[in-house]
Amino acid sequence: MSTQTDFVIDIGNRTKVPIISPATSPSLSVKENPFFIRGALPSSSQTKAIAAIVRNYDWRQVVIIYEDSSYGTGIVPHLTDALLEINTLVSYRSVISLSANDDEILKELYNLNTKQTRVFIVHLQPYLASRLFLKAKEAGMMSSGYAWIITDVLTSLLDSVDHSVIESSMQGVLGIRPYIPRSNELNNYTRRWRKRFRQEYPDMDPVELNVYGLWAYDSITALTKAIAKVGTTIIPKFKKADTTENLTDLDALGTSEFGSLLLDSMRNTTPKTALSGEFRIIDGELQLYTYEIVNIIGKGERSVGFWTEKDGISQKLKMNSKTDKSMNEQLAAIIWPGESIIVPRGWEIPTSGKKLRVGVPVKGGLEQFIKVEIDAKTQAVTATGFIPDVFKEVIQSLPYAIPYEFIPFPIDSPTSQDYDDLVYKISSKEYDAVVGDVTILASRAKYVDFTLPFSESGISAVVSVRNDDRKNAWIFLKPLKSELWITTGGFFIFIGFVVWVLEHRVNKEFRGPKHKQVGMIFWFSFSTLVFAHRERVTSNFTRFVLIVW
């Protein structure tokens with residue numbers, strides 16, 4: 001195990017004996033320990049696969065749950081960096097002590113439930129993870145809306161977890177594990193192993209092979225080939241120190257003359273098809289290959305996709321262990337906790353925590369922009385109108401929860417408060433934000449940040465709507481007022497009357513019956529405009545009047 005390997009590696013470095021170990025802790029460095037050969041994938045190699053799952057569902061915040069040991073803490077910085085590369089934050093880190101009892105685990109889960117994040121990445125060994133999921137079920141955190149991702153150490157060792165725990169408390173969990181392709185060699189070996197296990201342990205429940213056992217077998221196979229390559233004629237022996245005075249027991253062992261030759265053959269192996277797939281060691285490190293993504297359903301798990309560092313997530317895998325690019329960025333249908341088929345959004349409004357304090361102006365007029373009402377009984381503040389609707393729409397579109405409350409701010413009240421005072425509440429940290437019809441001014445921008453303007457202000461002309469009179473037959477009357485038309489008509493009659501007065505005594509054409517003379521008065525002034533009159537005038541006074549007319 002990782003906790004034991006550190007001590008054994010030190011012995012190997014002192015005695016120059018190669019140490020082959022399936023330890024997964026990233027803190028064990030192959031570069032710093034030349035005689036250390038890692039026969040397993042470090043836990044840090046799975047962080048990009050986990051980040052790809054998080055990115056696939058557009059989750060912006062996650063919680064990491066890990067055990068308080070070098071094995072648990074070793075993955076945290078690598079996982080945090082991988083998540084930051086996809087713009088996802090680790091909102092909280094939950095550390096579970098190896099000696100924690102059930103009450104302490106339940107208390108920590110209740111604490112997590114008060115936060116808004118609903119995506120949990122669990123990096124615990126099986127015996128501790130089993131208790132965690134049992135308590136998570138008790139706390140109501142294995143229901144719809146939650147997402148759980150377990151790392152490879154738990155996914156690969158699911159057979160060691162009690163089936164009752166899986167069926168009752170781990171349904172809908174996503175997990176990743178190194179992909180082990182099926183082969184005839186693996187099937188034959190599995191049958192032989194099961195037969196021998198039943199012979200040696202007839203009273204034990206059957207235990208399935210896992211990837212760590214396959215890696216151990218492949219490591220021994222690689223060691224056998226390395227010995228054959230070096231040669232069997234060399235007799236392994238230790239070179240003792242020249243003096244035994246003041247030496248520790250380890251120093252007294254001496255150094256191996258055969259270890260260095262064996263190390264050169266083991267640190268770099270040619271890719272060979274082994275029980276675990278392509279088993280290849282370069283510079284003392286087992287090389288990364290495909291990860292399988294599984295969904296825990298019923299008594300076991302179901303494969304829903306694959307991940308490779310080159311091609312990312314894919315639902316299917318080709319024969320050459322390459323992901324199918326036509327199925328990239330897709331996983332098979334997943335049953336989430338609570339038997340839900342709806343992808344969890346990754347956050348919920350927390351049951352406790354600080355709310356965003358949003359100031360809103362209370363004033364009269366233009367209620368279509370903003371209207372603030374205060375309930376007389378509950379004192380609840382409600383803001384409606386165009387501007388609050390924009391604010392609420394922005395809050396709803398965010399990929400995480402932001403609880404907020406409106407705080408009324410009277411404008412034009414007897415206290416003579418104005419919009420400058422409202423904006424200043426942000427710089428004084430009484431408010432976190434202001435929602436209202438606040439004009440963007442340079443003086444205010446010195447203290448607060450404004451959003452981009454979404455409502456344009458300015459001076460507008462308001463005119464009444466009238467019918468189009470241009471199609472009216474009486475449009476020619478429009479240029480002059482009615483008073484002028486009446487005056488003009490009156491002068492027509494007046495000129496006709498003056499001409500009649502001057503002519504009817506000396507001119508026979510202006511005499512006759514009364515109705516003829518009245519008609520002459522109305523007709524004569526109109527007819528002269530177009531020289532259509534038939535009557536001749538004889539008086540010089542009449543001629544002068546017509547010239548003026």
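**Exercise 1. Overall form of the chain**

What percentage of the 549 residues in the protein chain do buried residues make up? Determine this share for the predicted model, and then describe how the chain is spread in space.

*Solution.* Begin with burial: residues with under 20% relative accessible area count as buried, and such residues make up 41% of the 549 in the protein chain. Next, take the secondary structure, in which the chain has 18 helices and 21 strands. The radius of gyration is 47 Å, well over the 24 Å that the globule rule gives for 549 residues, so the chain is more spread out than a compact globule. The C-alpha trace, followed along its principal axes, spans about 165 × 60 × 50 Å. Turning to contacts, of those in the protein chain with a separation of 6 or more, 63% are between residues 24 or more positions apart.

**Exercise 2. Surface and charge**

State how much area the protein chain exposes and what share carbon and sulfur atoms supply, and then give the separation of the mean positions of its positive and negative charges.

*Solution.* The exposed area of the protein chain is about 32,700 Å², and carbon and sulfur atoms supply 55% of it. For the charges, the chain has 62 positive and 61 negative ones, and the mean positions of these two sets lie 11 Å apart.

**Exercise 3. A sheet of three strands**

In what order do the strands of the open sheet that contains β17 follow one another, and which of them are edge strands?

*Solution.* The order is β20-β17-β21, an open sheet of three strands with parallel pairing. Its edge strands are β20 and β21, since each of them pairs on one side only. Consider the two pairings in turn: β17 (residues 356-362) is joined to β20 (residues 404-410) by seven bridges, whereas two bridges join β17 to β21 (residues 433-434). At the level of residues, Gly-359 stands opposite Ile-407 in β20 and also opposite Val-434 in β21, while Pro-361 stands opposite Phe-409 in β20. As a general point, strands of a sheet pair through backbone hydrogen bonds, either parallel or antiparallel.

**Exercise 4. Helix α2**

Why can helix α2 be described as largely enclosed by the rest of the structure?

*Solution.* Count the buried residues of α2 (residues 47-56): seven of the ten are buried, so the helix is largely enclosed by the rest of the structure. The buried residues are Thr-47, Ala-49, Ile-50, Ala-51, Ala-52, Ile-53 and Val-54. After the helix comes Asp-58, whose phi is positive, near 60°.

**Exercise 5. Positive phi in two loops**

Is Asn-87 buried or exposed, and is Gln-379 buried or exposed? Locate both residues and give their phi values.

*Solution.* Asn-87 is placed in the loop between α4 (76-84) and β4 (89-96), and its phi is near 65°, a positive value in a residue other than glycine. With a relative accessibility of 60%, Asn-87 counts as exposed. Gln-379 lies in the loop between β18 (371-374) and β19 (381-384), where its phi, near 60°, is again positive in a residue other than glycine. The relative accessibility of Gln-379 is 51%, and since exposed means over 50%, this residue counts as exposed.

**Exercise 6. Loop residues and their partners**

For Ser-156, Gln-287 and Ser-69, combine the loop position with the accessibility, and then add the contacts or distances that place each residue in the fold.

*Solution.*

1. Ser-156 sits in the loop between α7 (152-155) and α8 (163-169), and it is buried, with a relative accessible area of 11%. Apart from its neighbours within four places in sequence, Ser-156 is in contact with Arg-177, Pro-178, Asn-210, Val-211 and Tyr-212.
2. Gln-287 belongs to the loop between β13 (285-286) and β14 (291-297), and at 30% relative accessibility it counts as partly exposed. Residues up to four places away in sequence not being counted, Gln-287 touches Leu-41, Arg-280 and Ile-282. The C-alpha atoms of Gln-287 and Gly-39 are separated by 9.5 Å, although these residues are 248 residues apart along the chain.
3. Ser-69 is in the loop between β3 (61-67) and α3 (70-74), and it counts as buried at 16% relative accessibility. Between Ser-69 and Ser-482, which are 413 residues apart in sequence, the C-alpha to C-alpha distance is 102 Å.

Definitions and conventions: Residues numbered from 1 in each chain as written. Predicted model: local features only at pLDDT ≥ 70, side-chain atom pairs only at ≥ 80, totals over all residues. Heavy atoms only, no water. Pairing = 2+ DSSP bridges. Helix = DSSP H or I, 4+ residues; strand = E, 2+ residues; numbered from the N terminus. Rg over C-alpha atoms; globule rule 2.2 N^0.38 Å. Buried < 20%, exposed > 50% of the residue type's maximum accessible area, 1.4 Å probe, protein only. Contact = heavy atoms within 4.5 Å. Areas by Shrake-Rupley, 256 points an atom, 1.4 Å probe, with all protein chains shown as cover. Lys, Arg positive; Asp, Glu negative; His and termini not counted. Charge placed at Lys NZ, Arg CZ, Asp CG, Glu CD.
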